Amino acid sequence: MQARSARFAAMDLPYVEWPLPYVEYLEQRSLQQVDLVVIHCTELPDLAAARQTGEQVLYASGTGNSGHIYIDRDGEVSVFVPLERIAHHTRGYNPRSIGIELVNTGRWPDWLHSERQTLTESYPEVQIDALIEVLDHLQREVPTLTHIAGHEDLDTTQVPASDRPDHPVYRKRDPGPLFPWTPVLERSALQRLAPDTSNPTGTTP
Ligand SMILES: [Zn+2]
């Protein structure tokens with residue numbers, strides 16, 4: 001068992017500290033600027049594949065894309081990025097948010113295929129129970145944390161389908177319709193950050 005940081009030591013469930021090789025190149029932040037948790041699913045077959053993807057270096061800074069915390073189907077929790085570092089997981093929301101990735105097949109391996117846009121794997125109860133525990137813990141550690149959102153709520157970009165250039169599909173659909181929002185919201189004190197649809201034209205009211 002690897003050493004546990006003080007930040008997670010009080011959490012009442014097993015977890016593994018497994019920092020990505022490049023974490024020291026991720027920008028540091030004050031936790032006081034963090035008010036949001038973004039829920040993702042990995043859209044990959046297993047945790048090992050998610051780890052490989054997270055380790056890929058994509059930017060000149062020597063870093064890549066990942067969430068902070070990964071929760072496997074059996075509820076095992078792995079911390080890939082310390083909360084005090086900005087992980088790259090949601091365009092436009094990274095400095096203020098913590099990214100939580102649930103291992104789930106999603107649309108893998110044809111993410112953008114026009115006929116593969118339904119997420120069909122449900123989230124096991126033990127995985128959701130672990131998520132609730134993590135959320136509870138994060139709220140104790142980060143008092144400014146008030147909101148939760150799905151990646152699909154925050155990135156609504158459409159791109160051409162991989163098989164049909166004339167057919168737009170959503171770039172991000174995670175965590176998808178099978179994510180149990182109602183119990184998660186009932187069992188945590190976080191409020192869902194819904195996309196602002198009250199002013200769809202973007203004009204000043
Ligand atoms: Zn995502």
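## Report on a predicted single-chain model

The chain has a mean pLDDT of 92, and 89% of its residues reach 70 or more, where pLDDT is the predictor's confidence in each residue on a scale from 0 to 100. Because this is a predicted model, local features need pLDDT of at least 70 and side-chain atom pairs count only at pLDDT 80 or more, whereas totals for chains, interfaces and linings use all residues. Residues are numbered from 1 along each chain as its sequence is written.

Over residues 199-205 pLDDT stays under 50, and the model has 1 contact beyond four places in sequence for them; a contact requires the C-beta atoms of two residues, placed from the backbone, to lie within 7 Å. Where pLDDT is low, the predicted coordinates should not be read in detail.

The chain holds 5 helices and 9 strands, in the order α-β-β-α-β-β-β-α-β-α-β-β-α-β along the sequence; these are DSSP runs numbered from the N terminus, with helices (H or I) of at least four residues and strands (E) of at least two. Of the 205 residues, 32% are buried, that is, 20 or more other C-beta atoms lie within 10 Å of their own, with C-beta atoms placed from the backbone. Among contacts with a separation of 6 or more, 73% join residues 24 or more positions apart.

Strand β6 takes part in two pairings, tabulated here; strands pair if DSSP finds at least two bridges between them.

| Strands | Sense | Bridges | Opposite residues |
|---|---|---|---|
| β2 (residues 36-41) and β6 (residues 147-150) | parallel | 4 bridges | L36 and H147 |
| β6 and β9 (residues 191-192) | parallel | 2 bridges | H147 and Q191 |

H147 in β6 thus stands opposite L36 and also opposite Q191 in β9.

Notes: A residue is buried if 20 or more other C-beta atoms lie within 10 Å of its own, exposed if 12 or fewer, and partly exposed in between; C-beta atoms are placed from the backbone.
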